[in-house]
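Reader: Before the terms used for this model are accepted, I should like to see each of them justified. Please take them in turn.

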Protein chains: 2
Amino acid sequence: MALIVQKYGGSSVADAERIKSVARRIAQARDKDNRVVVVVSAMGDTTNELIRLAYQVNRRPDDRELDVLLSTGETVSSTLLAMALENMGYEAISLSGAQAGIRTTTVYRGARILKVDPKRVVQELDKGNIVIVAGFQGITEGMDITTLGRGGSDTTAVALAASLGAEICQIYTDVDGVYSADPRLVAEAHRLDEIGYEEMLEMASYGARVLHPRAVELGELYNIPILVASSFSDRPGTLIHGGVSMEVRNKVRGITHDLEVAKITVIGVPDRPGIAAALFQPLAGAGISVDNIVQNASIENITDLTFTVAEGDLDKAMAVVGPIAKEIGAKECASDAKVGKVSVIGTGMQNTPGYAARMFGALSQQDINIQLITTSEIRITCIISKARVKDAIRALHQAFELEQGD
Amino acid sequence: MALIVQKYGGSSVADAERIKSVARRIAQARDKDNRVVVVVSAMGDTTNELIRLAYQVNRRPDDRELDVLLSTGETVSSTLLAMALENMGYEAISLSGAQAGIRTTTVYRGARILKVDPKRVVQELDKGNIVIVAGFQGITEGMDITTLGRGGSDTTAVALAASLGAEICQIYTDVDGVYSADPRLVAEAHRLDEIGYEEMLEMASYGARVLHPRAVELGELYNIPILVASSFSDRPGTLIHGGVSMEVRNKVRGITHDLEVAKITVIGVPDRPGIAAALFQPLAGAGISVDNIVQNASIENITDLTFTVAEGDLDKAMAVVGPIAKEIGAKECASDAKVGKVSVIGTGMQNTPGYAARMFGALSQQDINIQLITTSEIRITCIISKARVKDAIRALHQAFELEQGD
């Protein structure tokens with residue numbers, strides 16, 4: 001008798017009919033004699049509706065209150081799912097994050113899970129119940145409700161799977177797995193049957209938007225296989241795990257992209273110690289995430305410093321960087337919102353120079369200018385003109401023969 | 001510095017504007033240097049919407065799940081009210097029933113409060129917070145959420161007031177107090193400035209629908225003065241308390257009525273021990289509340305037994321009573337849904353026969369036939385034709401000179 005943790009996202013439980021349909025999927029897993037724990041998100045657009053309500057009474061709602069408010073979304077869907085299962089003759093019980101033992105830090109809106117004490121979950125499983133846990137929520141030591149921020153329900157599911165020693169954590173969502181590239185842009189993109197945790201982390205960070213990196217990191221840490229699949233179809237999905245077969249390793253797995261990028265260049269910076277800190281510490285202080293930092297080789301102790309930020313942060317970032325650039329004696333400070341990011345992802349790429357050459361060659365053949373290059377062990381990223389991102393993805397998908405599948 | 005508990009009903013917090021308006025009322029109480037605890041119901045029609053949602057996935061939703069689901073209604077309104085107060089510059093915090101220490105029995109949908117452990121409430125008051133408690137909900141010893149059934153939020157408020165030693169419990173609702181009769185039926189009806197607990201209990205049970213008897217009983221038990229007033233106006237409301245002045249006692253305080261009544265008569269019952277039990281135990285078992293039981297004097301060991309039930313329970317009651325009537329050898333079993341109830345309420349009435357005579361006289365003058373009479377220490381009730389209830393209330397209001405006020 002295996003223990004399975006399943007997670008269903010908001011679009012999978014958007015209304016009563018979808019909830020009944022999800023209940024039938026859960027029942028199938030139970031019929032195969034599994035012990036089943038289900039983590040569920042709030043129905044459809046509930047969370048945004050609750051936030052709208054909050055803003056109607058307070059322009060800057062308190063984070064603690066907002067967390068209590070938002071947590072009701074998952075509470076509602078968890079009880080409805082339990083009821084739908086009972087309606088089909090299955091024994092089920094809903095538990096709040098607190099009841100399921102999800103203990104968190106006291107950082108409202110973005111709490112981290114400190115530990116999971118799944119005593120009650122095990123008790124209910126032992127009684128023969130399917131256990132439905134409200135995702136996205138936890139409780140502090142002081143018994144205050146927190147929410148886990150972005151990717152919270154995915155994280156709840158993987159954390160429960162880890163603490164229960166589950167065989168697998170199945171994340172059901174509105175896409176049917178991880179693709180070699182965004183299928184809306186590349187017709188030949190194919191679903192990956194499996195992918196390693198690290199590759200998935202690069203895929204997710206770089207725009208795959210299938211599974212939040214927090215959940216993948218947790219899965220890697222506790223070595224929990226995570227299946228990402230659609231709750232709207234019976235297609236097999238993508239298995240994210242540590243034991244990816246040797247043949248699959250050392251190969252480009254996918255192309256990701258990000259259009260919400262802007263580039264900032266500080267030109268003519270005196271090349272002396274402390275300059276980078278002087279720039280990036282205030283940006284971090286302003287809550288702006290900086291990505292793809294590149295510093296050109298210094299010529300006569302003058303260097304250019306380029307980095308990217310989320311497009312939405314550009315104005316705020318320029319307001320921070322402008323005065324500092326002046327202060328440190330930089331020549332000028334330029335920004336460009338018309339850029340995009342394409343990345344090639346695959347384990348062991350850095351040890352295989354051929355891949356970088358092939359990437360640059362493919363872009364060059366399309367007459368696409370590369371403005372910035374950064375690399376990690378398993379990723380090569382180029383910043384290019386936003387207008388050419390689609391062409392770039394298609395060209396790279398073809399160059400790395402991704403249409404052929406695993 | 002007095003401690004005040006306020007309670008706001010669902011219509012008082014039906015939308016963002018109403019919530020802001022309630023926040024202003026709470027702020028006024030806080031400005032007078034009071035320690036303020038607020039109990040709040042779910043917004044407007046939320047509870048019914050949640051029930052509808054439940055029935056969409058399960059025709060007979062589980063009571064435990066339903067309680068978790070319904071409890072979210074009060075959680076939402078409590079956080080929004082706290083946010084609205086914070087928006088006005090007041091320190092406020094919302095607490096769930098569990099956090100406020102409302103410990104209950106494990107009877108879902110209609111839990112009783114076992115005890116209140118308001119430690120957290122006191123802590124938050126000491127920090128200078130206005131404490132907003134989600135009404136209607138509590139928690140069992142096993143840490144499962146319960147709801148308190150009808151009058152639940154009123155009961156939460158009075159129970160908190162009792163456990164905190166509050167000076168007063170103020171129930172804000174959509175009526176501005178307790179009236180000498182239903183003002184929709186009797187134009188001359190006037191608001192009572194004060195009323196005793198027992199009188200209020202009779203008023204509430206007999207159709208005043210202002211405050212649930214559970215809350216009044218609890219107020220009497222712990223001697224907590226309860227003010228019932230409108231959240232939509234600044235009118236003074238009605239104070240329910242134990243120290244009603246002597247002049248006000250021994251007087252008819254109000255006329256109440258109930259149109260949702262049906263009468264059942266079991267005719268020709270052999271008058272022997274055990275007959276009443278044989279009839280009423282199965283009715284109780286079927287969850288049917290029986291009221292106004294009257295057994296006529298026995299003639300030749302044959303008697304008639306008449307009682308009333310809620311009109312909605314009539315068919316169910318007849319299905320239970322019919323076969324039993326046959327079994328115990330009764331002649332026949334008749335029902336009449338075209339009846340209504342009028343009552344005259346006032347402390348010490350039973351010791352003042354003049355009141356009964358005046359009541360019967362007033363009805364007789366209007367040519368209203370009395371079908372059934374029952375009395376308690378502070379109430380005389382007549383069952384009459386439903387069609388004549390309005391006339392009866394007006395006649396009685398006049399006969400007891402209630403238009404003159406306290």
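Reader: Which residues have the most contacts inside the largest nonpolar core, and how many residues does that core have?

Author: In this predicted model, the largest nonpolar core has 234 residues. Those with the most contacts inside it are A:V38, A:L81 and A:L160, together with B:V38, B:L81 and B:L160.

Reader: What does A:L160 touch, leaving out residues up to four places away in sequence?

Author: Contact requires C-beta atoms within 7 Å. With residues up to four places away set aside, A:L160 touches A:V5, A:V37, A:V39, A:A100, A:V116, A:P118 and A:V133.

Reader: Why is B:L70 called buried?

Author: The cut-off for a buried residue is 20 or more other C-beta atoms within 10 Å. B:L70 has 26 such atoms within 10 Å, and is therefore buried. The residue lies in helix α3 (residues 63–87) of chain B. Its contacts, apart from neighbours within four places in sequence, are B:T47, B:L50 and B:T147.

Reader: How far is the C-alpha atom of B:L70 from that of B:I113?

Author: The two C-alpha atoms are separated by 17 Å, and the residues are 43 apart along the chain.

Reader: What makes the relation between chain A and chain B that of a two-fold axis?

Author: A turn of 180° with a shift of 0.0 Å along the axis lays chain A on chain B, with an RMSD of 0.2 Å. That is the relation of a two-fold axis, and the term is therefore used here. The same surface serves both copies, as 100% of the contact residues of chain A recur in chain B.

Reader: Which residue of chain A comes closest to the rotation axis?

Author: That residue is A:T72, whose C-alpha lies at 2.7 Å from the axis.

Reader: How many residues are in contact between the two chains, and which elements of chain A give two or more of them?

Author: In chain A, 26 residues are in contact with 26 residues of chain B. On the side of chain A that touches chain B, the elements giving two or more residues are α1 (16–31), α2 (46–57) and α3 (63–87) of chain A. The largest share comes from α3(A), with 13 residues. By class, this side has 14 nonpolar, eight polar and four charged residues.

Reader: What makes strand β13 of chain A mostly covered?

Author: Strand β13(A) spans residues 254–270, and 12 of its 17 residues are buried. Each of those meets the cut-off of 20 or more other C-beta atoms within 10 Å.

Reader: How do you know that β13(A) pairs with β16(A) and β15(A)?

Author: Pairing requires at least two bridges between the strands. β13(A) is joined to β16(A) (residues 332–345) by 11 bridges, and these strands run antiparallel. Here A:D258 stands opposite A:K341. Eight bridges link β13(A) to β15(A) (residues 302–310), also in the antiparallel sense. In that pair A:V269 stands opposite A:T303.

Reader: Which strands pair with β16 of chain B?

Author: β16(B) (residues 332–345) pairs with β13(B) (residues 254–270) over 11 antiparallel bridges. B:V266 has B:C333 in β16(B) as its bridge partner. β18(B) (residues 379–385) is joined to β16(B) by seven bridges, and these strands run antiparallel. B:V344 stands opposite B:I380 in β18(B).

Reader: What confidence does the predictor give?

Author: Chain A averages a pLDDT of 90, and 95% of the residues score at least 70. The complex is given an ipTM of 0.78 and a pTM of 0.81.

Definitions and conventions
Residues numbered from 1 in each chain as written. Chains lettered and ligands numbered in written order. Predicted model: local features only at pLDDT ≥ 70, side-chain atom pairs only at ≥ 80, totals over all residues. Core = buried A, V, L, I, M, F, W, Y, C linked by C-beta atoms within 7 Å. Buried ≥ 20, exposed ≤ 12 C-beta atoms within 10 Å, placed from the backbone. Least-squares fit on C-alpha atoms with pLDDT ≥ 70 in both. pLDDT = per-residue confidence, 0-100. Helix = DSSP H or I, 4+ residues; strand = E, 2+ residues; numbered from the N terminus. Nonpolar A, V, L, I, M, F, W, Y, C, P; charged D, E, K, R; others polar.
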